[in-house]
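Hi,

Here is the structure I promised you. Have a look at it first, and my notes follow underneath.

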Amino acid sequence: MIITIPQLDQLETAAQAFLKATHQASGVYAFYGDMGAGKTTFIKAICEAMGVEDVVNSPTFAIINEYSKPSGEPVYHFDFYRLKHSGEAFDLGCDDYFTSGYSCFIEWPEKIGPYLPSDCTRVDIRLLPDGGRSVEFNPTGLQPSGQAHFSE
Ligand SMILES: Nc1ncnc2c1ncn2[C@@H]1O[C@H](COP(=O)(O)OP(=O)(O)OP(=O)(O)O)[C@@H](O)[C@H]1O
Ligand SMILES: [Mg+2]
């Protein structure tokens, strides 16, 4: 499935469509895309569409950011760009987050190599020639290539 975000004022609608397609995005989502593609922007919009309020005023961005849904349930947002080696993900206890059952949104998943769960959903964000963005994912957990990827 591809959701197109022509410009920033369409972010909220796009985030709602993503949540609807992914059944409220519970589970682990790996966001791939070049620097500046719009990963952080879209993840924050998804969190806001989930009702998270602390996402907008988080002062600094750490490797692991924890937000709260109105229900009190946590949402985890990871940015692994600055990891020097994948083992740091293990040291940070990432597996506990990934297996928690709570929503996990990951930027730069390629940096954690073997520590990325094999059953996560891949999301590809791309800059379009007109400045908009496309968000490609398979809501059933199948990879865009069509290769089965869910172990359920
Ligand atoms: N859908 C969009 N439409 C227009 N501009 C966008 C959109 N998404 C993001 N941008 C703009 O692109 C810039 C980079 O976005 P963002 O920081 O989300 O990218 P990123 O993929 O997280 O980059 P990085 O790999 O550095 O973390 C920001 O200035 C943002 O406003
Ligand atoms: Mg980012």
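His-23, just after α1, takes a positive phi of about 55°. Bear in mind as you read on that this is a predicted model.

The helix before that spot, α1, covers residues 11-21, and its buried residues are Ala-14, Ala-15 and Phe-18. Looking down the axis of α1, you'll find these buried residues within an arc of 100°, so they line one face of the helix. That fits the usual geometry: an α-helix has 3.6 residues a turn, so residues three or four places apart point the same way. And what covers the buried residues of α1? The cover includes β1 (2-5), α2 and β7 (133-137).

Stepping back to the whole chain, there are four helices and seven strands, and along the sequence they run β-α-β-α-β-β-α-α-β-β-β. The chain has 152 residues, of which 31% count as buried. If you take the contacts between residues at least 6 apart in sequence, 62% of them join residues at least 24 apart.

Now the core. The largest nonpolar core has 34 residues, and those touching the most other members are Tyr-29, Phe-31, Ile-46, Ile-106 and Val-135. Helix α2 gives the largest share of this core, with six residues. In general, nonpolar side chains tend to be buried together in soluble globular proteins. Val-135 is a good one to click on: leaving out residues up to four places away in sequence, Val-135 touches Ile-2, Ile-3, Ile-5, Ala-14, Phe-18, Phe-42, Val-123 and Ile-125.

One residue I kept coming back to is Lys-39, which sits in helix α2 (residues 39-49). Is Lys-39 buried or exposed? Lys-39 counts as buried, because 24 C-beta neighbours lie inside 10 Å and the cut-off for buried is 20 or more. Apart from neighbours within four places in sequence, Lys-39 is in contact with Phe-31, Gly-33, Glu-107 and Ile-125. You can also pick out Arg-126: it is 87 residues from Lys-39 in sequence, but the two are 9.2 Å apart in space, C-alpha to C-alpha.

Last, a word on confidence. The average pLDDT of the chain is 91, and 89% of the residues score at least 70. Over residues 145-152, though, the pLDDT is below 50, and this stretch has nine contacts in the model beyond near neighbours in sequence. Where pLDDT is low, the predicted coordinates should not be read in detail.

Cheers

How values were computed
Residues numbered from 1 in each chain as written. Chains lettered and ligands numbered in written order. Predicted model: local features only at pLDDT ≥ 70, side-chain atom pairs only at ≥ 80, totals over all residues. Helix = DSSP H or I, 4+ residues; strand = E, 2+ residues; numbered from the N terminus. Buried ≥ 20, exposed ≤ 12 C-beta atoms within 10 Å, placed from the backbone. Contact = placed C-beta atoms within 7 Å. Core = buried A, V, L, I, M, F, W, Y, C linked by C-beta atoms within 7 Å. pLDDT = per-residue confidence, 0-100. Arc of directions from axis to C-beta.
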